[in-house]
Every structure is written in structure tokens, then in C-alpha cells.
Amino acid sequence: MNRRDRPAPVVAIFAKSPEPGKVKTRLTPALHSREAADLYRALLQDTLAAAEAFGGEAVVAFTPQAARRPLERLLGGHRTLIPQ
């Protein structure tokens, strides 16, 4: 089987809802909780872009289930999101 016949690779990215006070908590008090959440959002977007850059599909496994809409707004509605 040559490379063209193989299915595209899939990368799973595990993510939390990027809420202040719930992500990157070890960075506080050096950062305010909102700044830590902003950093988490940026890191998540960068990770997703890096995963997609190699030509595969990135799937975001998220928690909690209520985070679907905020993550769709952040990452775009065309991405595959599945609850953890």
C-alpha cells in the first residue's frame, strides 16, 4: 500500500472549556484567571492549527458537555467535537 492509499491520520486533542478559574490554574497568581483562560484559548488554537498542518484531521474531545457551543465559537463550527 502506498502513501496515497492510506487513510488520513487523525489526531485527538483533549480540551476543557476555557473558563477563567478552571484552566491553567497553576499559572495563577502570576496571571489573573482571565489571562490564564486567554492563554489556554490561544494554546488550544495553536495546537489545533499544528495538528491540522500535517494534512490530517484533528478531533477535539472536550469536557464538560456544556462546552460544545463555546468551543464551536472559538474553534469554528466545521471542526469535529466530541464529548469526553
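**Entry 1: Glu 57**

I began with Glu 57, which is partly exposed, with a relative accessible area of 36%. I note here that I am working from a predicted model. Glu 57 belongs to strand β2, which I find covering residues 57–63. I then asked which residues Glu 57 touches once those up to four places away in sequence are set aside. I listed Pro 9, Val 10, Val 11 and Thr 80 as its contacts on that basis. I also looked up how Glu 57 sits relative to Pro 20, and the two C-alpha atoms are 28 Å apart, with these positions 37 residues apart along the chain.

**Entry 2: the chain as a whole**

I counted the elements next and found 2 helices and 3 strands, which come in the order β-α-β-α-β when I read along the sequence. For overall dimensions, I noted that the C-alpha atoms fill a box of roughly 55 × 25 × 20 Å along the principal axes. The radius of gyration is 15 Å, whereas a compact globule of 84 residues would have one near 12 Å.

I then turned to burial and surface. Of the 84 residues, 26% count as buried, and the accessible surface comes to about 5800 Å², with 53% of that area belonging to carbon and sulfur atoms. For contacts between residues at least 6 apart in sequence, I recorded that 49% join residues at least 24 apart.

**Entry 3: Ser 17**

Where does Ser 17 lie with respect to β1 and α1? I placed Ser 17 in the loop between these two elements, β1 being residues 10–16 and α1 residues 33–53. Is Ser 17 buried or exposed? I have Ser 17 down as buried, because its relative accessibility is 7% and the cut-off for buried is under 20%. Leaving out residues up to four places away in sequence, I find Ser 17 touching Val 23, Thr 63, Pro 64 and Ala 67. Of these contacts, Thr 63 falls within the residue range of strand β2, 57–63.

**Entry 4: charges and salt bridges**

I looked up the charges and found 13 positive and 8 negative ones, whose mean positions are 3 Å apart. The salt bridge count comes to 5, and I followed up several of them by residue.

One of them joins the side chains of Lys 22 and Glu 19, at 3.9 Å from N to O. I checked the cover on Glu 19 and have it as partly exposed, at 32% relative accessible area.

Another is made by the side chains of Arg 68 and Glu 72, at 4.0 Å from N to O. I asked how these two residues are placed in helix α2. Arg 68 and Glu 72 are 4 residues apart in that helix, which spans residues 68–75, so they are separated by about one helical turn. Both ends of this bridge count as partly exposed, Glu 72 at 23% relative accessibility and Arg 68 at 27%.

Glu 72 also forms a salt bridge with Arg 69, at 3.2 Å from N to O, and here the two partners lie 3 residues apart in helix α2, again about one turn. I noted Arg 69 as exposed, because its relative accessibility of 54% passes the cut-off of over 50%. Through shared partners, the salt bridges join Arg 68, Arg 69 and Glu 72 into one network.

Conventions. Residues numbered from 1 in each chain as written. Predicted model: local features only at pLDDT ≥ 70, side-chain atom pairs only at ≥ 80, totals over all residues. Heavy atoms only, no water. Rg over C-alpha atoms; globule rule 2.2 N^0.38 Å. Buried < 20%, exposed > 50% of the residue type's maximum accessible area, 1.4 Å probe, protein only. Contact = heavy atoms within 4.5 Å. Areas by Shrake-Rupley, 256 points an atom, 1.4 Å probe, with all protein chains shown as cover. Lys, Arg positive; Asp, Glu negative; His and termini not counted. Charge placed at Lys NZ, Arg CZ, Asp CG, Glu CD.
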